[in-house]
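Good morning, and thank you for coming. I should like to take you through one structure, beginning with a single side-chain contact and working outwards.

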Amino acid sequence: HGKKMFSPSTWLTERIVKDEVVCFLGYPGELREFTDENMDLSLMVGVLNCTTVNERGFTIVDENNERKVYKFDQAIDTSNLKTLGGMSGTPVFTQRNGDFEIKGIIYESNDEGALSNIYCVHFDYIQKNGTIDRLKIPFV
């Protein structure tokens with residue numbers, strides 16, 4: 001079973017700009033709680049402003065403590081889940097002209113749970129076939 005990649009309606013759009021509103025959701029690793037047989041997940045919903053932008057990517061920082069985390073109880077078999085990553089790989093979207101546009105992919109956050117700074121790479125480094133155009137990425 002191969003994985004399918006999200007395919008946006010418009011592949012290359014303009015890059016995100018500072019202060020533009022972004023949205024994402026996922027299950028941060030720092031907010032998972034394990035028992036012997038189950039795992040409690042916390043869903044992080046982010047609708048925040050992009051705080052910095054550079055040639056490689058952009059950062060999302062919750063400067064006003066507005067990020068929400070929702071806990072829910074569900075019996076989940078953890079035998080295969082303890083090696084799951086956190087938010088890395090999560091798409092980040094904006095809404096322009098009534099359409100959601102993918103602007104980046106989360107690649108790192110610090111270990112502060114809901115208050116983590118979130119670091120994203122620009123989506124235009126990913127080609128239509130799902131591979132990364134490493135020659136296009138500037139190294140600092």
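Let us start where the side chain of Lys103 makes a polar contact with the side chain of Glu101, at 2.8 Å. A polar contact here is a pair of N or O atoms within 3.5 Å; within protein, one must be able to donate a hydrogen and the other to accept it, and residues adjacent in sequence count only if both atoms are side-chain atoms.

A word on the basis of these values. This is a predicted model, in which local features need pLDDT of at least 70 and side-chain atom pairs count only at pLDDT 80 or more, while totals for chains, interfaces and linings use all residues. Residues are numbered from 1 along each chain as its sequence is written, and side-chain values use heavy atoms, with hydrogens and water left out.

Lys103 sits in strand β7, residues 99-109; strands (E, at least two residues) and helices (H or I, at least four) are DSSP runs numbered from the N terminus. Is Lys103 buried or exposed? Lys103 is buried, with a relative accessible area of 3%. Buried means under 20% relative accessible area, exposed over 50%, and partly exposed in between, with a 1.4 Å probe and protein chains only.

Glu101 and Lys103 also form a salt bridge, with the closest N and O atoms 2.8 Å apart. The term denotes a side-chain nitrogen of Lys or Arg within 4 Å of a carboxyl oxygen of Asp or Glu. Glu101 meets Arg96 in a further salt bridge, at 3.6 Å from N to O, and both of these residues are buried. Salt bridges that share partners join Glu20, Arg96, Glu101 and Lys103 into one network.

The structure holds 6 salt bridges. One of them pairs Asp124 with Arg15, at 2.9 Å between the closest N and O atoms. Asp124 lies in the segment after β8 and Arg15 in the segment before β1, so this pair ties together parts that are 109 residues apart in sequence. Asp124 is buried at 18% relative accessibility, whereas Arg15 is partly exposed at 25%.

Finally, I turn to the backbone. Most residues other than glycine have a negative phi. Asp19 has a positive phi, near 75°, and is partly exposed at 47%. Asn97 likewise has a positive phi, near 50°; this residue lies in the loop between β6 (91-96) and β7 and is exposed, at 82% relative accessibility.
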